[in-house]
Amino acid sequence: GVLAGRLDNGVAVGGVEQIALVMAPRLLGLVRSHLSPRTSRAVVGEVRHRRVDVPVEQVLREVRGGGGA
């Protein structure tokens, strides 16, 4: 996919060292299946969200492992 390709490119050129994936569960699985092994190793967190109205601060807490309501 296009998104996976862009992520792969970001990791390959050295500008991206860590990636947090925040997206709907179904899309997350699809993107994950298209990532290169190198890019998969750069993924440091995943948050499965279906809603777009979640505050950014809450998403950041979840990515960092702090949970959230």
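This text walks through the structure from its overall layout to its core, its salt bridges and a few single residues.

The model is predicted. The protein chain has 4 helices and 2 strands. From the N terminus on, these elements follow the order α-β-α-α-β-α. Along the principal axes, the C-alpha atoms fill a box of roughly 35 × 20 × 15 Å. The chain has 69 residues, and 29% of them count as buried. Take the contacts between residues at least 6 apart in sequence: 55% of them join residues at least 24 apart.

Start with helix α1. Its buried residues are Ala4, Leu7, Asp8, Gly10 and Val11. Viewed down the axis of α1, these buried residues fall within an arc of 160 degrees, so they line one face of the helix. The face turned away from that buried side carries the exposed residues Val2 and Arg6. What do the buried residues of α1 pack against? They pack against β1, α2 and α3. After α1 comes Gly14, with a positive phi near 90 degrees.

Next comes strand β1, where the side chains alternate. Ile19, Leu21 and Met23 point to one face and are buried. Ala20 and Val22 point to the other face and are not buried. Strand β1 pairs with β2 in the parallel sense, over 5 bridges. Within this pairing, Val22 of β1 stands opposite Val47 in β2.

Now look at the nonpolar core. In soluble globular proteins, nonpolar side chains tend to be buried together. Here the largest nonpolar core has 11 residues. Its members are Ala4, Leu7, Val11, Ile19, Leu21, Met23, Leu28, Val31, Leu35, Ala42 and Val43. The elements that give two or more residues to this core are α1 (2-12), β1 (19-23) and α2. Val11 is a good place to trace the packing. Leaving aside neighbours within four places in sequence, Val11 is in contact with Val16, Ile19, Arg38, Thr39 and Ala42. Ile19 and Ala42 are, like Val11, listed among the core residues.

Thr39 leads on from there. Thr39 lies in helix α3, which spans residues 37-42. Is Thr39 buried or exposed? Its relative accessible area is 1%, so Thr39 is buried. With neighbours within four places in sequence left out, Thr39 is in contact with Leu7, Asp8, Val11 and Ile19. One of these partners, Asp8, also makes a polar contact with Thr39. The contact is between the two side chains, at 2.6 Å. Asp8 is itself among the buried residues of α1.

Turn to the charged side chains. Side chains of opposite charge can pair when their charged atoms come close. How many salt bridges does a search of the whole structure find? The search finds 2. In one of them, Arg32 pairs with Glu46, and the closest N and O atoms are 2.5 Å apart. Arg32 lies in helix α2 (residues 25-34) and Glu46 in strand β2 (residues 43-48), so the pair ties together parts that are 14 residues apart in sequence. Arg32 has a relative accessible area of 29% and is therefore partly exposed. Glu46, at 26% relative accessibility, also counts as partly exposed.

Glu46 takes part in another salt bridge, with Arg48, at 3.2 Å from N to O. Arg48 has 52% relative accessibility, so this residue counts as exposed; the cut-off is over 50%. Salt bridges that share partners join Arg32, Glu46 and Arg48 into one network.

Finish near the C-terminal end of the numbering, with Gly65. Gly65 sits in the segment after α4 (56-63). Its relative accessibility is 64%, so Gly65 counts as exposed. Which distance separates the C-alpha atoms of Gly65 and Gly45? The separation is 8.2 Å, although the two glycines are 20 residues apart along the chain.

The pieces can now be put together. Helix α1 turns its buried residues to β1, α2 and α3. Strand β1 sends Ile19, Leu21 and Met23 to its buried face, and these residues belong to the 11-residue core. Strand β2 pairs with β1 in the parallel sense. Glu46 of β2 is tied to Arg32 of α2.

Conventions: Residues numbered from 1 in each chain as written. Predicted model: local features only at pLDDT ≥ 70, side-chain atom pairs only at ≥ 80, totals over all residues. Heavy atoms only, no water. Buried < 20%, exposed > 50% of the residue type's maximum accessible area, 1.4 Å probe, protein only. Polar contact = N/O pair within 3.5 Å; in protein donor to acceptor, adjacent residues only side chain to side chain. Contact = heavy atoms within 4.5 Å. Salt bridge = Lys/Arg side-chain N within 4 Å of Asp/Glu carboxyl O. Core = buried A, V, L, I, M, F, W, Y, C linked by side-chain atoms within 4.5 Å. Arc of directions from axis to C-beta. Pairing = 2+ DSSP bridges.
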